[in-house]
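User: I'm new to reading protein structures and would like a close look at one part of this one. Could you walk me through a single side chain and what it meets, and then show me how that spot fits into the rest of the chain?

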Amino acid sequence: MHAWNTISRTSDDKVTLAIQLLETVSRDESIPILEFMRKRGGGTFHDILLSLKINAQDLERQLKQLIAAGALKTKKKTTATYYTLNQGRLSTISQVAGRLNELRLEGVKKS
């Protein structure tokens, strides 16, 4: 663990990326998609669209953002792309969120 005064550029970039990932998966419009995936284990664009009854363009944009964040994975099926949760990445995101919350609660300790 780095002390706050020894954070390198690389670790600073990782923190920035982690914050972006957390922001993406915690958006109000991301939650129903992630919940759908959790309950059903995955689905096609059409499955998600019919279940959530949202605009197709909004869903496409949101899916792209969740894939870029690493929260979702895609599998090519014979006729359509199948979306699933990326459990490993979500676990990492959860751990980062938990640690950030601990830091928030503890406050930044000065040396």
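Analyst: Let's start at the side chain of N86, where a polar atom lies 3.1 Å from the backbone oxygen of G70. Please keep in mind that this is a predicted model, and that the distance between N86 and G70 is computed from its atoms. Where along the chain does N86 sit? You will find N86 in the loop between β3, which covers 81-85, and α5, which covers 87-106. G70 is one of several residues that N86 touches: leaving out residues up to four places away in sequence, the list is G70, A71, L72 and K73.

Now look at helix α4, which runs over residues 56-69. Two salt bridges can be found here, and we can take them in turn. In one, the side chains of R61 and D58 meet, with 4.0 Å from N to O. Why can these two reach each other? R61 and D58 are 3 residues apart in helix α4, so about one helical turn separates them. R61 is partly exposed, at 38% relative accessibility, and D58 is also partly exposed, at 38%.

In the other, E60 and K64 bring their side chains together at 3.6 Å, again from N to O. This pair is spaced 4 residues apart in helix α4, which again means a separation of about one helical turn. How open are E60 and K64 to their surroundings? E60 counts as partly exposed, with 40% relative accessibility, whereas K64 is exposed, with a relative accessible area of 55%. The general idea is a simple one: side chains of opposite charge can pair when their charged atoms come close.

How many salt bridges does a search of the whole structure find? The search finds 3, and one of them is in helix α2, residues 30-40. There the side chains of R38 and E35 meet at 2.3 Å, N to O. R38 and E35 are 3 residues apart in α2, so they too are separated by about one helical turn. R38 is exposed, with a relative accessible area of 53%, while E35 is partly exposed, at 29%.

Helix α2 also packs against another helix, so it is worth a second look. Two packed helices are described by the angle between their axes and the distance between the axes. For α2 and helix α3, which spans residues 45-52, the angle is about 115° and the axes are 11 Å apart. The two helices are therefore roughly perpendicular to each other, and α2 passes α3 in a right-handed crossing. Which residues meet where α2 and α3 pack? On the α2 side they are P32, I33, F36, M37 and R40, and on the α3 side D47, I48, S51 and L52.

Finally, let's step back to the chain as a whole. It has 5 helices and 3 strands, and read along the sequence they follow the pattern α-α-β-α-α-β-β-α. Of the 111 residues in the chain, 27% are buried. Among contacts between residues at least 6 apart in sequence, 50% join residues at least 24 apart. With that picture in mind, you can return to the loop between β3 and α5 and find N86 there once more, with its side chain beside the backbone oxygen of G70 at 3.1 Å.

Terms used. Residues numbered from 1 in each chain as written. Predicted model: local features only at pLDDT ≥ 70, side-chain atom pairs only at ≥ 80, totals over all residues. Heavy atoms only, no water. Buried < 20%, exposed > 50% of the residue type's maximum accessible area, 1.4 Å probe, protein only. Polar contact = N/O pair within 3.5 Å; in protein donor to acceptor, adjacent residues only side chain to side chain. Contact = heavy atoms within 4.5 Å. Axes fitted to C-alpha atoms, helices over the stretch in contact; angles between N-to-C directions. Parallel < 35°, antiparallel > 145°, perpendicular 65-115°, else oblique. Left-handed = near helix turned anticlockwise from the far one by under 90°.
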